[in-house]
Amino acid sequence: MNRTDEIDLPADWEDDSAPDPTSKRRGRVALIALLVALALVIAVGVVVGGYLNSLRTSANQITTVEITRGASDGERPVAEEGTGHNYLLLGSDKRSEEEDDSQVTGQRSDVMMLVHVNDDATEVYVMSFPRDLWVEIPGHGEGRINAALAYGGLPLAVTTVENYTGVPIDHVALIDFDGIEGLVDTLGGIEVDVPIGFSAGGHTFTEGPQQMDGEQALAYVRERKQFAEGDIQRNRNQQAVLRAIVVKLISRDTLTDPNTLRSTVDAIAPYMTTDDGLGTGRMVELGLSLRSIRADDLYFMSVPYGAPFTTSGGAAVIGTDEEKMDELREALRTDETGTYYAQNAGTY
């Protein structure tokens, strides 16, 4: 699959937004494309077409990992047909050069999001996990959910989330925070809707829409100590940046510019690790399936958390609102996440 002509496009695929009939093919090619290469990093979009060959070379910089389950991991949740797809998105500070990239152990994931795409690929729900959420980590007993990555790399992180949510993860992607800085700069900056003003890292963030470059965006998503709700507010800030990146990525200015597309993949690929099933061909399939997604089709929330408490060992952690979590598990399992969101938006 080296050219757009060799990709099986859906029968209903048309780019009605092309301003000039003579440019329809160019617009269609551009709008087929890149989100999932960045897709699990930013959670939705449309990815490559005629630029697939050059982007394939860039995408080869992405590290891949085989996802397996150990003897102590329990049975994997069974995927039910017609109930959508689930992706796990992780963020972490920069890895050392000596680390084993095949496992990515030794680091904790300060960003952990479950991305649920409904079955007809018209809506995307992005759910953040508080990093101090107290859960069962297979083979390690109870611990903070962000410790799963440190204990067992991407395989254990996937297993922990699958066991906790009760639904299978189709694909997983990890990105170093440094990759976010380069991505934002490649896009020419982003406009973030800042919910709470604060200062950090030599930058001042004021409530309301604010233009950010990569360095500012990185400082913004890292800060948590200044907030009364700590990591919960940081999750909201990370979601605000994620939305801003998606808006910029799926804008016509980005999607119709092959150089920007290629530079975007070049900026992010060296900082990405994914499961080995997320190859270039699969990325294109996912991009095609998400071709109608726009910013208004993204819905952000948190998994339902309970009150903070202190463990017997003296660790300050966050509990689970089990009643609401059971509702979310059922919604994910039956592809009724939209109903759950409508009933609980703004609660967590």
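# Buried loop residues and helix packing

D335 is buried, with 17% of relative accessible area. The model described here is predicted. D335 is placed in the loop that joins α11 (322-334) to α12 (337-344). Its phi is near 60°, a positive value in a residue that is not glycine. In general, most residues other than glycine have a negative phi.

What is the crossing angle of the two helices on either side of this loop, α11 and α12? Their axes cross at roughly 150° and come within 8 Å. On the α11 side the contact is formed by K324, E327, L328, A331 and L332, and on the α12 side by T337, Y340 and N344. Sorted by class, this contact of α11 with α12 comprises four nonpolar, two polar and two charged residues.

**A second positive phi**

A121 also has a positive phi, of about 55°, and it is not a glycine. This residue is found in the loop between β3 (111-117) and β4. A121 counts as buried because its relative accessibility is 9%, under the 20% limit for that class.

**The loop after β4**

D132 occupies the loop that runs from β4 (124-128) to β5 (134-137). Is D132 buried or exposed? With a relative accessible area of 16%, D132 is buried. Its side chain makes a polar contact, at 3.1 Å, with the side chain of R144. When neighbours within four places in sequence are set aside, R144 appears again among the contacts of D132, together with A316, V317 and I318.

**Helices α5 and α6, and H203**

Helix α5 (residues 177-186) and helix α6 (residues 214-222) have axes that come within 7 Å and cross at roughly 140°. Why are the two helices described as oblique? Angles over 145 degrees count as roughly antiparallel and those from 65 to 115 as roughly perpendicular; the α5 and α6 axes fit neither range and are therefore oblique to each other. The crossing of α5 past α6 is right-handed. From α5, the residues F177, D178, E181, V184 and D185 meet G214, E215, A217, L218 and R222 of α6. By class, this contact has four nonpolar, one polar and five charged residues.

E215, one of the α6 residues that meet α5, is also the partner of H203: the side chains of H203 and E215 make a polar contact at 3.4 Å. H203 belongs to strand β10 (residues 203-205). Not counting residues up to four places away in sequence, H203 touches F198, Q216 and A219 as well as E215. At 15% relative accessibility, H203 counts as buried.

**An exposed loop residue**

E81 sits in the loop between β1 (63-65) and β2 (85-92). E81 is exposed, at 82% relative accessible area. How many residues separate E81 from T334 in sequence? They are 253 residues apart in sequence, while their C-alpha atoms are 9.4 Å apart in space.

The accessibility values of the individual residues are collected below.

| Residue | Relative accessible area | Class |
|---|---|---|
| A121 | 9% | buried |
| D132 | 16% | buried |
| H203 | 15% | buried |
| D335 | 17% | buried |
| E81 | 82% | exposed |

Terms used: Residues numbered from 1 in each chain as written. Predicted model: local features only at pLDDT ≥ 70, side-chain atom pairs only at ≥ 80, totals over all residues. Heavy atoms only, no water. Helix = DSSP H or I, 4+ residues; strand = E, 2+ residues; numbered from the N terminus. Buried < 20%, exposed > 50% of the residue type's maximum accessible area, 1.4 Å probe, protein only. Polar contact = N/O pair within 3.5 Å; in protein donor to acceptor, adjacent residues only side chain to side chain. Contact = heavy atoms within 4.5 Å. Axes fitted to C-alpha atoms, helices over the stretch in contact; angles between N-to-C directions. Nonpolar A, V, L, I, M, F, W, Y, C, P; charged D, E, K, R; others polar. Parallel < 35°, antiparallel > 145°, perpendicular 65-115°, else oblique. Left-handed = near helix turned anticlockwise from the far one by under 90°.
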